[in-house]
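Me: I would like to learn how to read a protein model feature by feature. Could you take me through this one?

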Amino acid sequence: MEPGDEVPPLEGELLVIGAGSNMVFTKDYEGTVITLSNTFHLSSFTSHLVTAWGGMIMDDLVQWTLDHGLYGLENLSSIPGTVGASAVQNVGAYGAEAKDFIERVEAYDILERRHCDFSNADCRFAYRDSIFKHDPGRYLILRVTYRLSKEFVPNLSYKALEGLPHNTAQQLREAIMEVRWSKLPRPEEHGSAGSFFKNPVVDEDTYHRIRADYPDMPEAHGTDGGYKLSAGWLIDKVGWKGRTQGRTGVWPKNALVLYNADGCSGDEVRALAAAIQQDVKQKFGVALDPEAIII
Ligand code: EPU
């Protein structure tokens, strides 16, 4: 779809998805699901700006940028999903978030039937959040423009990256992929939605109360709204890591990931999530919110 193209009116309930890698379906969707084809497609690039089609696989873009001497996205290596989803979800990993690089987002507003442009500020990016996430059937992300750097400055700020080889961006990318796949199930082997919950942000009193009881709690990142705790650690501490419940379970190497152990249904995943939420609430007084989109 090019800017200005006419789009026929779309009736009824709509759901726009990228690659669907962050979604759990508990039932058939009673409406129209819209997605963009995921062919490799770069709209344009100049010295620092790369514009990619919303349906492009994000990791293909990461590799392409490194092949062309453009840096910044390497810490986002191997994140499943599309370029469009990188803007919707403000994907993040290993000390980087999509919002650090997104210059502009072109979308089609299905409700108002017009093309529109969003600057980085217009997108109202926050932790795994953007303006697009609040209106799931409204915007089709057509293109995302990223501002990258011609100079490779390794970002090793994330603790798990300490000591990783980083002579070149490609080397760092490959090392990050290894760290990532040592902790997360490979999508081709076990279905999962990646991190199932967001890391909860708690107030100062709650943070100090938990810290006093558990001096081993990983360092919490201060954010504008409070302290961001590690949901994986909280779930681990209540004893769920590696446990299964029926045909679903908690990934043995990372308690933040719920996975399909043996052909489970979406409802079973939801039931497991609810049991975990209850236990974390009971032990720590902290509410966990799903990061995955549950239909
Ligand atoms: N931890 C445990 N037990 C666990 C899991 C984690 O104690 O079972 C501890 C770790 O030892 C570490 C801390 O919790 O001290 C944080 O763990 P990790 O570095 O793995 O990161 P995370 O906060 O659990 C986030 C993102 C991931 C991203 C990683 C790396 C969220 C919800 N998740 O996980 O994103 O890959 O950081 O940057 O923010 C995703 O969104 O799907 C995803 C995988």
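Reply: Happily! Let us begin with a term that we will need for the neighbours of a residue: contact means heavy atoms within 4.5 Å. Keep in mind that this is a predicted model.

Me: Thanks. Which residues is D109 in contact with, leaving aside its neighbours within four places in sequence?

Reply: With those neighbours set aside, D109 is in contact with R114, C116, R138 and Y139. Its place is in strand β8, residues 102–109. One of these partners gives a nice example of sequence against space: D109 and R138 are 29 residues apart in sequence, yet their C-alpha atoms are 5.8 Å apart.

Me: Is D109 buried or exposed?

Reply: The general idea is a cut-off: buried means under 20% relative accessible area, and exposed means over 50%. D109 has 1% relative accessibility, so it counts as buried.

Me: Let me step back to the whole protein. How many helices and strands does the protein have?

Reply: There are 6 helices and 18 strands. The radius of gyration is 20 Å, close to the 19 Å that the globule rule gives for 295 residues, so the protein is as compact as a globular protein of that length. Along the principal axes, the C-alpha trace spans about 55 × 50 × 40 Å.

Me: What percentage of the 295 residues count as buried?

Reply: The buried share is 45% of the 295 residues. On the outside, the protein exposes about 14,400 Å², and carbon and sulfur atoms supply 48% of that area.

Me: And how should I read contacts that reach across the sequence?

Reply: Take contacts between residues at least 6 apart in sequence, and ask what share joins residues at least 24 apart; in this protein that share is 60%.

Me: What can be said about the charges?

Reply: A simple reading compares the mean positions of the two signs. The protein has 29 positive and 41 negative charges, and their mean positions are 4 Å apart.

Me: How many disulfides does a search of the whole structure find?

Reply: First the idea: a disulfide is a covalent bond between the sulfur atoms of two cysteines. The search of the whole structure finds 0 of them.

Me: Why does C123 have no bond to the closest cysteine sulfur?

Reply: The cut-off for a disulfide is 2.5 Å between sulfur atoms. The closest cysteine sulfur to that of C123 belongs to C116 and is 10 Å away, so it is too far for a bond. As for accessibility, C123 is at 0% and counts as buried. C264 is buried too, with a relative accessible area of 15%.

Me: Where is R124 found, and what is its phi?

Reply: R124 is found in the loop between β9 (114–119) and β10 (139–147). Its phi is positive, at about 45 degrees, although it is not a glycine. R128 lies in the loop between β9 and β10 as well, and its phi is also positive for a residue other than glycine, near 50 degrees.

Me: Are these two arginines buried or exposed?

Reply: R124 has 59% relative accessibility and counts as exposed, whereas R128, at 14%, counts as buried.

Me: What does F125 look like in that loop?

Reply: F125 lies between β9 and β10 and is buried, with a relative accessible area of 14%. Beyond its neighbours within four places in sequence, F125 is in contact with A87, N90, K99, I102, N120 and S130. For a C-alpha distance, take F125 and K198: they are 73 residues apart in sequence and 15 Å apart in space.

Me: Could we finish with two more loops, those of G191 and N254?

Reply: Of course. G191 lies in the loop between α3 (169–183) and β11 (192–195) and, at 39% relative accessibility, counts as partly exposed. Leaving aside residues within four places in sequence, G191 is in contact with L258, Y259 and N260. The C-alpha atoms of G191 and C264 are separated by 9.7 Å, with their places 73 residues apart along the chain. N254 is found in the loop between β16 (248–250) and β17 (257–260). At 18% relative accessibility, N254 counts as buried, and it touches K183, L184 and K241, not counting residues up to four places away in sequence.

How values were computed: Residues are numbered from 1 along each chain as its sequence is written. This is a predicted model: local features need pLDDT of at least 70, side-chain atom pairs count only at pLDDT 80 or more; totals for chains, interfaces and linings use all residues. Side-chain values use heavy atoms; hydrogens and water are left out. Buried means under 20% relative accessible area, exposed over 50%, partly exposed in between (1.4 Å probe, protein chains only). Helices (H or I, at least four residues) and strands (E, at least two) are DSSP runs, numbered from the N terminus. The radius of gyration is taken over C-alpha atoms; the globule rule is 2.2 Å times the number of residues to the power 0.38. Accessible areas come from the Shrake-Rupley method with a 1.4 Å probe; for residues, only the protein chains shown count as cover. Lys and Arg count as positive and Asp and Glu as negative; His and the chain ends are not counted. The place of a charge is taken as NZ of Lys, CZ of Arg, CG of Asp or CD of Glu.
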